[in-house]
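Here are a few exercises to work through with the model open beside you. Try each task before reading its solution.

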Amino acid sequence: MINRNDYGKNFDAFLQKREAGKPFCFWMGFHEPHRVYEPNSGVRLGEKLPDVTVPSCLPDTAIVRGDLADYAIEVEWADAFIGKALASLEVRGELENTLVIVTSDHGMPFPYVKGQIHADGFRLPLAMRWGKAIKPGRVVEDFIKVRDFAPTYLEIAGLAPHPQITDRSLATLLRSPQSGWIENRSEMLVGKERHDLGRPNDLGYPVRALQTKDFLYVHNFHPDRWSVGNPETDFSNCDPSPTKELLKTLGGHFYELSFGKRLPDELYDLRRDPEGAINLAHDLAYARTLQTMRARMMALLVEEKDPRALGNGAIFDTYRYAAGRQKSYDTWLKAQEEKIAGTASTAPGPAENAKKGGKKKQATAKDN
């Protein structure tokens, strides 16, 4: 649902209070396009359902198209405020001297995507502008990680990176006049432990993955667990939505794809399946590719001292979840216990049953 926050006005207020000429950093975060959406707002505001592109991980139905159209409206709403922020910088003569980065923290809030280690779950939008320092109109193919931003900020500010920073500055990519592959950053590690609640004892769903130019390899360390949270907690690592309810109602392929238990290994050929919806892990034609990807991923994880690769992965499940517990398994369990207790308290006890039985016998005798 579109929020009433005036993000542009907040940015203007910040700039007005800023000391003239002083470097600044402003993080403009948006409520949109978080769930929930106004139903049919996309069509009402001009989106045309036949023009909607449905990803291969979802069924192509009017409900899904409508949900995607509603999502698009919220993205466009946030995008309009980015335009207002750029205009504010331009009015103050700061636009050409300001590095502007527009990105996201995860993929769209739909089944199989948000919170999941699949191609569209971590393939994020990234647009960058920095006056004459960045040649406009370029498209760079090199893999960029969010953790590349910190060393970038430090380098362009003339500061040395902190020893704990593990990734590389993007300054060379930004200043290059070229498009395509520039520094050949062609492999990326991806990982998840616990994105949300919904399993007994707050257990997570540990995953590690390696993406290259052509393939995405995913390893699920606990395929015995439900990938998106338990069914009884309504697959709580997937936001409520019309699309989610449709998949739960339909069952079948798309339900299993989004909510079912997963195999230990997943392998996707992104050249033929760019959205990563066809698992080739058991296709013998890809056996060597899977083995190579797995070995390379584990070597990189060991190099980074990842506990999952060093035999100490269980430590992650000892970390307490500090946010709200509305989606937790114990909250669900307590609700079931209260429901059962409530039913028991309203049910007639043995004495009351006997009393009712006695009355019934008396009435029967009298009637006879």
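Two strands count as paired if DSSP finds at least two bridges between them, and helices (H or I, at least four residues) and strands (E, at least two) are DSSP runs, numbered from the N terminus. The model is predicted: local features need pLDDT of at least 70, side-chain atom pairs count only at pLDDT 80 or more, and totals for chains, interfaces and linings use all residues. Residues are numbered from 1 along each chain as its sequence is written, and side-chain values use heavy atoms, leaving out hydrogens and water.

**Exercise 1.** Work out the order of the strands in the open sheet.

*Solution.* Start with the pairing: 4 strands lie in the order S3-S4-S5-S6, and they pair antiparallel. Next, look at the edges: S3 (188–192) and S6 (265–269) each have a single partner strand, so one side of each lacks a neighbour in the sheet. Finally, the twist from one strand to the next averages 15° (axes are lines fitted to C-alpha atoms, for helices over the stretch in contact; angles run from 0 to 180 degrees between N-to-C directions).

**Exercise 2.** Find what pairs with S6 and which helix packs on the sheet.

*Solution.* First, S5 (residues 215–220) pairs with S6 over 5 bridges in the antiparallel sense. Within this pairing, Tyr 217 has Leu 267 of S6 as its bridge partner. Then turn to helix H9 (residues 287–303), which packs on the sheet and touches S3, S4 (207–211), S5 and S6, where contact means heavy atoms within 4.5 Å. The direction of H9 makes about 65° with that of S5.

**Exercise 3.** Describe the overall dimensions of the protein.

*Solution.* Along its principal axes, the C-alpha trace spans about 105 × 55 × 45 Å.
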